[in-house]
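Welcome! Here are some short exercises, each with a worked solution. Have a look at the structure, then try them.

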Amino acid sequence: MELIVARAKNKVIGDSSKNDLPWPRIRQDLQFFRKNTVGKAVLMGRRTWESLPDSYRPLPDRLNIVISRNMVGWQPPENVRKVGSWDEAREIADRENLKLIVIGGGDLYSSAMSELYASIERVFLTQLQRDYSGDVFFDHLFDDWKIGREENFSETLPDSTEISGTFYTYQRA
């Protein structure tokens, strides 16, 4: 299993009141996300699913799996799988012979890091160099992991804001 997450300098990953990222879309981060998730089974919580722009739902070239404790009344599109447990998600990915990668949100990351830590082989982390306001955090550290890849980036956003950060690929040491 793998995880992919983007976080601000203050470890914020989301704003639950808006059900969205607290920063504008970053082209290079979207490319990093796509590169590391295409051809895999992407596992997300229902709120993360709902936060995806309609034009990207379901995420193309990936098996989309949505996990939630409460799916009452929610019916995903035909090509999206809904599950109620980690075991179901892993069974689907195994049956399809795909790597399972967790793409959010905060509760799902916390659950993975506490319940399935030993199963996580790789973490793709976008570390932004700015603080952002939000109430969803990813404060896990990977000091005992090996950095397989590290790449700095800088981008000027459409509003002329300069944003920079680092893409990390952590692997089990």
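Helices (H or I, at least four residues) and strands (E, at least two) are DSSP runs, numbered from the N terminus. This is a predicted model, where local features need pLDDT of at least 70, side-chain atom pairs count only at pLDDT 80 or more, and totals for chains, interfaces and linings use all residues. Residues are numbered from 1 along each chain as its sequence is written, and side-chain values use heavy atoms, with hydrogens and water left out.

**Exercise 1.** Place aspartate 94 in its helix, and decide whether aspartate 94 is buried or exposed.

*Solution.* Start with the helix: α3 spans residues 86-95 and holds aspartate 94. Next, recall the classes: buried is under 20% relative accessible area, exposed over 50%, partly exposed in between (1.4 Å probe, protein chains only). Aspartate 94 has a relative accessible area of 60%, so it is exposed.

**Exercise 2.** Describe the ring pair of phenylalanine 32 and phenylalanine 124.

*Solution.* First, the rule: rings of Phe, Tyr and Trp (its six-membered ring) pair if their centres lie within 6.5 Å; planes under 30 degrees apart are stacked, over 60 edge-to-face and the rest tilted. The whole structure has 10 aromatic pairs. In this one, the centres are 6.2 Å apart and the planes make 75 degrees, an edge-to-face pair. The pair links distant parts of the chain, 92 residues apart: phenylalanine 32 sits in helix α1 (residues 27-37) and phenylalanine 124 in strand β7 (residues 122-128). Phenylalanine 32 is buried because its relative accessibility is 7%, and phenylalanine 124 is buried at 4%.
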